[in-house]
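Visitor: I have some questions about this one. Can we go through it bit by bit?

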Amino acid sequence: MIDQIKELIAEAEAFKAQTKEEVEAYRIKLLGQKGIVKQYFAEFKNVANDQKKEFGQVINTLKKTAEEKINTLKSELEQKEEVSQSNLDVSRPGEPISLGARHPISIVKNQIIDIFSRIGFNVSEGPEVEDDWHNFTALNLPEYHPARDMQDTFFIQTNPDILLRTHTSSVQVRYMENNKPPIRTISPGRVYRNEAISARSHCFFHQLEGLYIDKDVSFADLKQTLQYFTTELFGKSKIRLRPSYFPFTEPSAEIDVYWGLETETDYKITKGTGWLEIGGCGMVDPNVLKNCGIDAEDYSGFAFGVGIDRIAMLLYQIGDIRLLSENDVRFLEQFKSAL
Ligand code: PHE
């Protein structure tokens, strides 16, 4: 009898079924009320005492093997059924995942960061809500200085000392206060000015300012750095530095890039001159260095600032600055293939 049971165990192990009905029939045959296992259990009392132990063991093994087999077959068949019921076509190609697009401001910002990181500049950031010292006073713009009017400022009404930064030069002040030269840093960020909103100007926009302070830094270093920058970003190496005025730099200059006059757009964006203004620059005024705790006898440096929005508009031929902050998906989607 024990051998018979062992055969049944082997059979249970090898058992295969195509349908749930086959599994059920097998279950009834083996484990049902009048099934084989029950019958063997009933035989137990007739088994010789010295065989009782082995008999018990094999019959239990048979029961367990059959149960496990039935359960696995059942769930396998159920799964198959589910798949065929839902008409799932496993050979169908997957749905494309709809990817977002990076904002043009971020694309240009990252490009510029990449260009400057190649010549050893790091990135520094600071608060958009600033105090008077970091935005004005430390930058050689004491109270009542007429040049404060150059940048129409949003003040926080209850406290005239707190304002929305008008440029990221404030970050450079913070950086100089907390770091010793040599300093090579660029500060990208959003800035605010109380200006009428139009296609060409907005009350907030983005700047990227650079600062380099070391021993014997000269105006030639500034020009070379800017030339490297415009060549990398625009593929244009001809630049012009036009004398200008900023309270925090002396001498100061406006940065013009020679864009050329090849197409009609070139005429339009350069107003027929071929030259395009992209920002301001200059040698850091010794007073600013002193205000930030840097020895102006030992160190000198240059600074520059460019508008990220303007550059993005230029590179992507965007005609209205307001598009950059309206978050219209029809506009934003167009940058999907960009970096
Ligand atoms: N902070 C100036 C501005 O916002 C730009 C600038 C930066 C000019 C650094 C010179 C040097 O207009």
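Visitor: Is Ser187 buried or exposed?
Guide: Ser187 is buried, at 0% relative accessibility. Buried means under 20% relative accessible area, exposed over 50%, and partly exposed in between, with a 1.4 Å probe and protein chains only. Bear in mind that this is a predicted model, where local features need pLDDT of at least 70, side-chain atom pairs count only at pLDDT 80 or more, and totals for chains, interfaces and linings use all residues. Residues are numbered from 1 along each chain as its sequence is written, and side-chain values use heavy atoms, with hydrogens and water left out.

Visitor: What does Ser187 touch?
Guide: Not counting residues up to four places away in sequence, Ser187 touches Ser124, Thr168, Val171, Gln172, Gln207, Leu208 and Glu209. Contact here means heavy atoms within 4.5 Å.

Visitor: And which strand is Ser187 in?
Guide: Ser187 is in strand β5. Strands (E, at least two residues) and helices (H or I, at least four) are DSSP runs, numbered from the N terminus. Arg184 is also found in strand β5, which covers residues 183-192.

Visitor: Arg184, then. Buried or exposed?
Guide: Neither: Arg184 is partly exposed, with a relative accessible area of 36%. Beyond its neighbours within four places in sequence, Arg184 is in contact with Ile119, Gly120, Phe121, Asn122, Leu211 and Tyr212.

Visitor: What lies 3.4 Å from a polar atom of the Arg184 side chain?
Guide: The backbone oxygen of Ile119. A polar contact is a pair of N or O atoms within 3.5 Å; within protein, one must be able to donate a hydrogen and the other to accept it, and residues adjacent in sequence count only if both atoms are side-chain atoms.

Visitor: How far apart are Arg184 and Lys80 in space?
Guide: They are 64 Å apart, C-alpha to C-alpha, and 104 residues apart in sequence.

Visitor: Switching to cysteines. How many disulfides?
Guide: The count is 0, where a disulfide is a pair of cysteine sulfur atoms within 2.5 Å.

Visitor: Why is there no bond for Cys292?
Guide: Because the closest cysteine sulfur, in Cys281, is 19 Å from the sulfur of Cys292, too far for a bond. Cys292 is buried, with a relative accessible area of 5%. Cys203 counts as buried too, at 18% relative accessibility.

Visitor: OK, salt bridges. How many does the structure hold?
Guide: It holds 12 salt bridges. The term means a side-chain nitrogen of Lys or Arg within 4 Å of a carboxyl oxygen of Asp or Glu. Side chains of opposite charge can pair when their charged atoms come close.

Visitor: Which residue does Glu24 meet?
Guide: Arg27, in a salt bridge of 3.0 Å, N to O. The two are 3 residues apart in helix α2 (residues 20-31), so about one helical turn separates them. Glu24 is partly exposed at 30% relative accessibility, and Arg27 is partly exposed at 27%.

Visitor: What about Asp328?
Guide: Asp328 forms a salt bridge with Arg330, at 2.7 Å, N to O. Asp328 is partly exposed, at 25% relative accessible area, whereas Arg330 counts as exposed, at 63%.

Visitor: And Arg322?
Guide: The Arg322 side chain meets that of Asp320 in a salt bridge of 2.9 Å, N to O. Arg322 is partly exposed, with a relative accessible area of 29%.

Visitor: Which residues are linked in a network of salt bridges?
Guide: Arg240, Arg242, Asp256 and Glu277 are linked that way.
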